[in-house]
Amino acid sequence: MVGAIIIGDETAALEDTQSPSCAGSCRRPWATVEVLGKAPIARLAESLRTELCDAVSVIVNDPQDGQEVRTPHPSVADLAAARFAEYKGDGFDTVLVARCGAYVELDAAEMLSFHGEQGSIITRAFAGDGPLDLWMVDASALPCTPLMSALLCTRPAVYRSKGYVNRLRNARDFRQLVLDSFSSRCRLRPQGSEIKPRIWNCDGAQIDRSARVVAPAFIGRNVHISGECLITRGSNVESNSRVEFGTAVEDSSILSDSYVGIGLELSHSIVDGHNLLNLRHNVSLEITDPVVMRKNTVRGGDRQSLNGESRQMALSSTE
Amino acid sequence: MLTSGPIVVMQVPEILNVKEVHNFMEELGPLLESNRPRVVLDCSQVRSMESAGVEMLLRCLEEVLKRDGDLKLAALSPEAEVILELMRVARVFETFQTCEDAVRSFNAIPADAVPQETPWYTNVFNELGVLKQAS
């Protein structure tokens with residue numbers, strides 16, 4: 001049996017200190033940020049579950065509602081070690097450990113057979129530009145604690161991954177992943193349905209008739225695009241976000257639960273609630289004016305229930 | 001006769017929120033009421049600007065233009081540049097790399113106002129030559 005442990009901690013995303021590396025003020029690793037409808041870490045878990053693994057555990061620091069709820073790094077490591085011990089106890093032969101900082105398209109089955117051929121306790125995946133935080137481990141041969149140091153200190157067999165890799169070290173990498181997906185340079189496919197060539201639309205998305213969406217673009221779950229808006233040049237608006245009247249979004253990503261105000265021109269940027277990262281000027285700004293940008297507190301579900309109410313009202317008035 | 005006073009250079013505060021806008025306008029407001037006000041706003045220290053700040057800049061520009069003056073922005077910090085672009089007003093203002101450049105621009109005669117290649121009287125002499133030949 002093969003198990004997998006995916007660790008999504010902030011230390012995995014802090015390699016590049018030159019440019020803003022994490023989304024928003026709570027410094028989430030980019031791998032845990034929703035991109036084209038689903039976070040890379042969730043995509044990895046899903047692909048491992050369908051392709052190879054009998055069980056997949058995801059351990060992640062997940063600050064809720066913008067609060068800085070941080071599980072200290074040792075706790076994440078402890079949780080991973082505990083899960084590893086459980087896998088051992090349950091009789092799993094091999095465990096794949098991934099510290100999710102990068103987006104990797106791994107051929108896990110090929111790596112497993114390579115691991116078997118090598119007869120090594122640990123096999124580590126490498127991309128063209130260096131090692132990846134992906135290990136395949138003989139569960140019985142490796143001590144449970146401390147798991148990460150055991151992985152890093154043991155000399156591994158080297159597995160060369162041939163698939164697409166995006167290190168997701170900074171906002172620029174994140175935008176590149178979006179563009180690579182739009183141009184099919186990687187296997188990451190936007191969620192939802194392709195309503196026009198290279199325009200994806202998810203459930204509950206509302207696009208005003210007078211708004212213009214130019215391919216390639218992605219409109220996420222329960223997103224509201226108001227009248228006279230323009231979404232263009234590889235932009236993605238993630239779930240539960242709202243773009244107000246007349247705003248143009250060009251070559252930008254609006255992360256989930258963000259509100260973008262009226263008549264703005266957003267270009268070469270990433271918006272996360274009230275945080276704005278401009279990639280052209282390499283500037284990170286906290287917008288204090290809620291009229292301009294803020295965290296969107298009106299959820300799609302709320303809007304749907306409101307719509308339901310108004311529909312009911314309309315029905316009762318006709319009865 | 002048209003006269004103009006000195007060129008005023010003022011530093012825009014680091015944070016331009018409603019409160020700071022009020023304080024800043026108390027200082028700048030009287031200067032805008034002079035005849036042909038010429039103002040340079042040094043934006044090098046700006047780190048954050050609310051919509052009230054952008055509104056203030058537009059109001060100042062409107063005031064100086066009404067009085068046949070001008071307002072120019074200089075040394076924009078990247079933050080100020082991003083906010084002005086975001087609010088779609090970056091192209092409304094004339095901007096300069098440094099305050100010195102902005103001040104100098106007030107005194108410069110526009111290049112297209114001066115003929116660069118042929119003097120104005122060339123055509124007159126040409127026409128005279130044609131007339132002479134005809135006679």
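Two strands pair if DSSP finds at least two bridges between them. Helices (H or I, at least four residues) and strands (E, at least two) are themselves DSSP runs, numbered from the N terminus. With these terms, β5(A) and β6(A) can be described as a hairpin with two residues between the strands. The model is predicted: local features need pLDDT of at least 70, side-chain atom pairs count only at pLDDT 80 or more, and totals for chains, interfaces and linings use all residues. Residues are numbered from 1 along each chain as its sequence is written, while chains are lettered from A and ligands numbered from 1 in the order in which they are written.

Consider chain A as a whole. Its secondary structure comes to six helices and 25 strands. Of its 319 residues, 48% are buried; a residue is buried if 20 or more other C-beta atoms lie within 10 Å of its own, exposed if 12 or fewer, and partly exposed in between, with C-beta atoms placed from the backbone. Two residues are in contact if their C-beta atoms, placed from the backbone, lie within 7 Å. Among the contacts in chain A with a separation of 6 or more, 50% are between residues 24 or more positions apart.

The hairpin belongs to an open sheet of six strands in chain A, with the order β2-β1-β3-β6-β5-β7 and mixed pairing. At the edges stand β2 (55-60) and β7 (157-160) of chain A, each with a single partner strand, so one side of each has no neighbour in the sheet. On average, neighbouring strands of this sheet are turned by 25° against each other, direction ignored. Angles run from 0 to 180 degrees between N-to-C directions, and axes are lines fitted to C-alpha atoms, for helices over the stretch in contact.

Strands of a sheet pair through backbone hydrogen bonds, either parallel or antiparallel. Both kinds occur around β5(A). Its pairing with β6(A) is antiparallel and has five bridges, with A:Ile122 opposite A:Val137 in β6(A). The pairing of β5(A) with β7(A) is parallel and has four bridges; here A:Phe126 stands opposite A:Arg160 in β7(A). Elsewhere in the sheet, β1 (residues 2-8) and β3 (residues 94-99) of chain A pair in the parallel sense over six bridges, and A:Val2 has A:Thr94 as its bridge partner in β3(A).

Helices pack on this sheet. Helix α3 (residues 108-118) of chain A touches β1, β3, β5 (122-127), β6 (130-138) and β7 of chain A, and its direction makes about 130° with that of β5(A). Helix α1 (residues 40-51) of chain A lies across β1, β2 and β3 of chain A, running at about 165° to β2(A).

Another open sheet in chain A has eight strands in the order β9-β10-β13-β16-β19-β22-β23-β24, again with mixed pairing. Its edge strands are β9 (193-196) and β24 (283-286) of chain A, each pairing on one side only. Inside the sheet, two bridges join β16 (residues 235-237) to β19 (residues 253-254) of chain A, and these strands run parallel. A:Asn236 stands opposite A:Ser253 in β19(A). A:Ile195 is placed in β9 of chain A. Is A:Ile195 buried or exposed? With 12 C-beta neighbours inside 10 Å, A:Ile195 counts as exposed.

Chain A is assigned domain 1 (2-166) and domain 2 (190-303); such bounds come from an automatic or database domain assignment. The contact between them takes eleven residues from domain 1 and 19 residues from domain 2 of chain A.

Chain B meets chain A as well: twelve residues of chain B are in contact with twelve residues of chain A. On the chain B side, the largest share, six residues, comes from α3(B). This helix, α3 (residues 78-86) of chain B, lies across β23 (275-278) and β24 of chain A, at about 70° to β24(A).

Last comes the interior. A nonpolar core is a set of buried Ala, Val, Leu, Ile, Met, Phe, Trp, Tyr and Cys residues joined through C-beta atoms within 7 Å. The largest one has 117 residues, and those with the most contacts inside it include A:Ala4, A:Val95 and B:Cys43. Helix α2 (residues 51-66) of chain B gives the most to this core, with six residues. Each of domain 1 and domain 2 of chain A supplies at least three residues.
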